[in-house]
Amino acid sequence: MYKSRSITVIIPCLNEEQGIEKVLRRMPEFVDQVIVVDNGSTDRTSDVAKSFGAEVIREEVRGYGRAYKRGFSQATGDILVTLDGDHSYPPDAISYLIEAFLHLDVDFLNASRFPVRDRNAMSFKHKFGNWMLSLAMSILYFRWVRDSQSGMWVLHRGILKDMDLTSDGMAFSEEIKIEALKNSRVRFAEISILYSSRLGEIKLNPWRDGFYNLWFLVSKRFVPPKRESDKLE
């Protein structure tokens, strides 16, 4: 519990045996529920996570968004915090982020990786791609977002029921922010964090995922939704 609010941390993982141990070792004691969504790992990710007391859920259908939807469905906390299992996002910043979340009185807080202070954490190509995608989102949705691709957020669990989350892949990260921005009742803010070099294998394909995410931004803005089946209850 943190100031009478229950906290759930959700971590999607695919072969993050190296990083997940370091992430869980740094997890704050006030966190009530840690959910590790194993998205089909072939290493010891699940065993390591269980040894640190995490609740491990298997999601056999591959996809970043798919893993998050599975994690959200099992979350019980009043406030949800997300981060990756590769140790690139700082678990010990969770208290700082929740404090900011409560102080700013918002419903969705995006943890921006920019400015990147660790020169080894992100290549120029990735920085440029992130800047282009964030600029595109900001123009399309009339709200400046510094880091549209960040994977660390703090949000009230209750806002999920009004979100139409259709992406099962990497575009989920920008889609959940779009859904927060589109809802006039959801208060959105952004704050910087210290982003570090990841541990383990890189799953992101910068060109493929970058162009797909750009296409997704445009289609999400101009193509009407076709289904309601992915809304979270």
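Here are some notes on the fold, working from confidence to sheet to helices.

1. First, the ground rules: this is a predicted model, where local features need pLDDT of at least 70, side-chain atom pairs count only at pLDDT 80 or more, and totals for chains, interfaces and linings use all residues. Residues are numbered from 1 along each chain as its sequence is written, and side-chain values use heavy atoms, with hydrogens and water left out.

2. On confidence, the protein averages a pLDDT (the predictor's confidence in each residue, from 0 to 100) of 90, and 91% of the residues score at least 70. Keep an eye on residues 227–233, where pLDDT stays under 50 and the model has 14 contacts (heavy atoms within 4.5 Å) beyond four places in sequence. Where pLDDT is low, the predicted coordinates should not be read in detail.

3. Now the sheet. Helices (H or I, at least four residues) and strands (E, at least two) are DSSP runs numbered from the N terminus, and two strands pair if DSSP finds at least two bridges between them. Seven strands make an open, mixed sheet in the order 3-2-1-4-6-5-7. Strand 3 and strand 7 sit at the edges with a single partner strand each, so one side of each lacks a neighbour in the sheet. Neighbouring strands are turned by 20 degrees against each other on average, direction ignored.

4. Strand 2 (residues 33–38) has six of its six residues buried (under 20% relative accessible area, 1.4 Å probe, protein chains only), so the rest of the structure largely encloses it. Both faces are covered, with Gln 33, Ile 35 and Val 37 on one side and Val 34, Val 36 and Asp 38 on the other.

5. Strand 2 pairs in the parallel sense with strand 1 (residues 7–13) over six bridges, and Ile 11 stands opposite Val 36. The β-α-β crossover from strand 1 through helix 1 (residues 17–25) to strand 2 is right-handed (clockwise from first strand over the helix to the second, with the strands pointing away from the viewer).

6. Strand 2 also pairs in the parallel sense with strand 3 (residues 55–58), over four bridges; here Glu 55 is the bridge partner of Ile 35. The crossover through helix 2 (residues 45–51) is right-handed too.

7. At the other end, strand 5 (residues 108–112) and strand 7 run parallel, joined by five bridges, with Ser 192 as the bridge partner of Ser 112.

8. Lastly, helix 5 (residues 124–141): buried residues include Leu 133, Met 137 and Leu 140. Phe 142 follows the helix with a positive phi, near 60 degrees.

Definitions and conventions:
Buried means under 20% relative accessible area, exposed over 50%, partly exposed in between (1.4 Å probe, protein chains only). Axes are lines fitted to C-alpha atoms, for helices over the stretch in contact, and angles run from 0 to 180 degrees between N-to-C directions.
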